[in-house]
Amino acid sequence: MSSFIGGSPFAMVRDISEGYILLSAPKLKRFSIQDLQRLREELEKVTRTMRGQMPDSSDTAKLQSHQRKLMRLVSASRVVQQEMTAKPRRG
């Protein structure tokens with residue numbers, strides 16, 4: 001059984017970017033180091049892709065939505081990184 005919410009790392013990252021999932025340390029406790037690594041890699045890949053696709057600067061609503069999604073992805077990446085750092089100490 002997959003530990004990823006949504007079934008795959010990509011689906012989970014998509015839901016994070018849309019705001020359906022908010023990551024926290026307790027949600028990530030059941031993830032193995034390998035799962036956290038896969039999730040972090042997917043977060044980085046999607047973040048890079050989104051940074052390369054800037055919406056038209058005259059469309060304020062799309063620009064704000066794009067920035068919110070990026071902010072969610074960067075924040076989730078930090079939470080995953082912190083959990084990966086703390087996991088070996090927990091055992």
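Buried means under 20% relative accessible area, exposed means over 50%, and partly exposed lies in between (1.4 Å probe, protein chains only). This is a predicted model, in which local features need pLDDT of at least 70, side-chain atom pairs count only at pLDDT 80 or more, and totals for chains, interfaces and linings use all residues. Residues are numbered from 1 along each chain as its sequence is written, and side-chain values use heavy atoms, with hydrogens and water left out.

**Exercise 1. Describe the chain as a whole.**

Solution.
- Step 1: take burial. Of the 91 residues in the chain, 36% are buried.
- Step 2: list the elements. Helices (H or I, at least four residues) and strands (E, at least two) are DSSP runs, numbered from the N terminus. The chain has four helices and zero strands. Its pattern along the sequence is α-α-α-α.
- Step 3: take the extent. The C-alpha trace spans about 50 × 25 × 20 Å along its principal axes.
- Step 4: take the contacts. Contact means heavy atoms within 4.5 Å. Consider contacts between residues at least 6 apart in sequence: 69% of them join residues at least 24 apart.

**Exercise 2. Find the centre of the largest nonpolar core and the helices that build it.**

Solution.
- Step 1: define the set. A nonpolar core consists of buried Ala, Val, Leu, Ile, Met, Phe, Trp, Tyr and Cys residues joined through side-chain atoms within 4.5 Å.
- Step 2: rank the members. The largest core has 19 residues, and M12, I16, L23, L28, L39, L43 and V80 touch the most other members.
- Step 3: assign elements. Two or more residues each come from α1 (9-18), α3 (33-51) and α4 (60-90). The most come from α4, with six residues.
- Step 4: expand one member. Leaving out residues up to four places away in sequence, M12 touches F4, I5, I21, L23, F31 and L39.

**Exercise 3. Test the length of α3, then map its two sides.**

Solution.
- Step 1: compute the span. The expected span of a helix is 1.5 Å times one less than its number of residues. For the 19 residues of α3 that gives 27 Å, and the end C-alpha atoms are 27 Å apart, so the two agree.
- Step 2: list the buried positions. In α3 these are D35, L36, L39, R40, E42, L43, V46, T47 and M50.
- Step 3: find their arc, taken from the directions from the helix axis to the C-beta atoms. They cover only 165° around the axis, so they sit on the same side of α3.
- Step 4: turn to the other side of α3. There, Q34 and R48 are exposed.
- Step 5: inspect E42. E42 counts as buried because its relative accessible area is 13%. Beyond four places in sequence, E42 touches P9, F10 and V13. E42 and P9 are 33 residues apart in sequence, yet 6.4 Å apart in space, C-alpha to C-alpha.

**Exercise 4. Characterise the largest pocket and place H66.**

Solution.
- Step 1: define it. On a 1 Å grid over the protein atoms alone, a pocket is an open set of points where a 1.4 Å probe fits, with protein on both sides within 12 Å along at least five of seven lines; lining residues have an atom within 4 Å of a point.
- Step 2: take the volume, the space filled by probe spheres set on the points. The largest pocket has about 160 Å³.
- Step 3: list the lining. It consists of V46, T49, M50, Q53, P55, K62, S65, H66 and K69. Two or more residues each come from α3 and α4. The most come from α4, with four residues.
- Step 4: place H66. H66 lies in α4. Its relative accessibility is 8%, so H66 counts as buried. Beyond four places in sequence, H66 touches M50, Q53, M54 and P55.
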